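Work through the exercises below with the structure open. Try each task before reading its solution.

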Amino acid sequence: MPGFTTSIVHSDRRGGIEHGSLQKPVHATVAYGYEDVQDLADVFQGRSSAYSYGRQVNPTVTALETKINAMERGVATVCFGTGMAAIGTLLFALLRKGDHFVSSSFLFGNTNSLFQTFGLHGVDVTFVDATSAAVVAQAIRPDTRLVFVETIANPRTQIADLEGIGELCRAKGLVYVVDNTMTSPYLFQPVGVGASLIVNSLTKYIGGHGTTLGGAVTETGLFDWSTFDNIQDTYKKGDSAKWAITQVRKKGLRDFGPSLGPEAAHHLGVGAETLALRQERQCANARALVDFLNGHDKVARVYFPGLPDHPEHERAMALFRHPGALFSFELADGMDTFAFLNRLDVAIKSSNLGDNRTLAIPVAQTIYYEMGAERRASMGIADSLIRISTGIEDIEDLLADFEQALAEE
Ligand SMILES: *Cc1c(COP(=O)(O)O)cnc(C)c1O
């Protein structure tokens, strides 16, 4: 088995590309033509795996799906136009009115908002502190179908009890969905803790350069879908470990239409080639900045799984290659959060994460503004909380930038 990066950079050419091209070309097409109409009929009747229509399949997108699937050691992967499309379509395709699912309450803000909308459509969610599998277990009901968690939550960096919840889901026969965006398959592979389905926002670390939106759902093959009521008879064909991804591709991608375009897939595939290199550097930069900020007299506290006083420090060190490239911190009393951020020059004030550039954002006034002060307080989001996603800049420049921004006042 080739290593992580070798397998990504040699993935396209193994498929046999015209002219010996090393990169899968951008197939800018919507439809596919056939000489014999029988071949066209075979595609629609599932007897052929040739291409049907661009909303469901495109060769450039397939090339990216192959890479993501290898990175996650899955059995099949479907790509989407965004990470949110991947999450929304997955639940749309697999859950029905009257179903219940349990979700971590430490969630990406838009996922939290999406799950509340599912509630309006008759799919009920219970939010729990997923850093403890015992707490998740208490929320399970007879109509519970699925458990959804993230690996490292942003901005406070709580880490779900990934192993414990995996065991719980196996024991209870529940679908286990892990959003691996914050770690990426380079730092962590959820198949190892028993995940049934893995979500990645390709927009963040995998694409990496802040140029392109994309998402993916990977089936690990660990869940036996013959035990799951919501698979439609049409998709109960062949290996029952792949029924869900087929239903997600048909009922979700085909019928709902949140497709990834070929140009976007190309950009994300090029980005993916350097995932390991970039993340090594981003994680080292996070570590160095945290070491500088932690204990600084103008900083009240730092949240980073790599710190020994982080509640899930041991878990992070045991499960992840590195404790991530994202951290948050609160300024000391009397410091003006906005004035500090405005003094930063290398770190950019921006809402994204996983970019090659270091990005800083005041959390309460932006991404967590809509949820209101009460909910923020319950989630431990202080008004002075600043989230940092480290890029690949030279660490001397980042350290100097934070030093000068803290020096004033
Ligand atoms: C950004 C993000 C998403 C959504 O991804 P988009 O590609 O922006 O739609 C989902 N989950 C997590 C953990 C994220 O950080």
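**Exercise 1. Polar contacts of the ligand**

Find how far an oxygen atom of the ligand is from a polar backbone atom of Gly83. Then look for side-chain partners, and work out how much of the ligand the protein buries.

*Solution.* This is a predicted model.

Step 1. Start at the backbone. A polar backbone atom of Gly83 is 2.8 Å from an oxygen atom of the ligand.

Step 2. Move to the side chains. Thr203 places a polar side-chain atom 2.5 Å from a ligand oxygen. For Lys204, a polar side-chain atom is 2.8 Å from an oxygen atom of the ligand.

Step 3. Turn to area. On its own, the ligand exposes 380 Å². The protein buries 93% of that.

**Exercise 2. The shell and the pocket**

List the residues around the ligand. Which helix gives the most to this shell? Which pocket does the ligand sit in?

*Solution.*

Step 1. Collect the residues with a heavy atom within 4 Å of the ligand. They are Thr82, Gly83, Met84, Ile87, Phe108, Glu150, Asp179, Thr181, Ser201, Thr203, Lys204 and Gly214.

Step 2. Sort by element. Helix H5, residues 83-94, contributes the most, with three residues.

Step 3. Place the ligand. It sits in the second largest pocket.

**Exercise 3. A threonine in helix H5**

Is Thr89 buried or exposed? Which backbone oxygen lies 2.5 Å from a polar atom of its side chain?

*Solution.*

Step 1. Locate the residue. Thr89 lies in helix H5.

Step 2. Apply the cut-off. Buried means under 20% relative accessible area. Thr89 has 1% relative accessibility, so Thr89 counts as buried.

Step 3. Find the partner. A polar side-chain atom of Thr89 lies 2.5 Å from the backbone oxygen of Ala85.

**Exercise 4. Cysteines**

How many disulfides does a search of the whole structure find? Classify Cys169 and Cys283 as buried or exposed.

*Solution.*

Step 1. Search for sulfur pairs within 2.5 Å. The whole structure yields zero disulfides.

Step 2. Check accessibility. Cys169 has a relative accessible area of 2%, so Cys169 is buried. Cys283 is at 5%, so Cys283 counts as buried.

**Exercise 5. Sequence and space**

Where does Ser389 lie? Give its separation from Arg278 in sequence and in space.

*Solution.*

Step 1. Assign the element. Ser389 belongs to strand S12, residues 385-389.

Step 2. Read its accessibility. At a relative accessible area of 0%, Ser389 is buried.

Step 3. Compare separations. Ser389 and Arg278 are 111 residues apart in sequence. From C-alpha to C-alpha, they are 13 Å apart in space.

Terms used. Residues are numbered from 1 along each chain as its sequence is written. This is a predicted model: local features need pLDDT of at least 70, side-chain atom pairs count only at pLDDT 80 or more; totals for chains, interfaces and linings use all residues. Side-chain values use heavy atoms; hydrogens and water are left out. Buried means under 20% relative accessible area, exposed over 50%, partly exposed in between (1.4 Å probe, protein chains only). A polar contact is a pair of N or O atoms within 3.5 Å; within protein, one must be able to donate a hydrogen and the other to accept it, and residues adjacent in sequence count only if both atoms are side-chain atoms. Accessible areas come from the Shrake-Rupley method with a 1.4 Å probe; for residues, only the protein chains shown count as cover. On a 1 Å grid over the protein atoms alone, a cavity is a set of points where a 1.4 Å probe fits but cannot get out, and a pocket is an open set with protein on both sides within 12 Å along at least five of seven lines; lining residues have an atom within 4 Å of a point. A molecule sits in a cavity or pocket if more than half of its atoms lie within 2 Å of its grid points. Helices (H or I, at least four residues) and strands (E, at least two) are DSSP runs, numbered from the N terminus.
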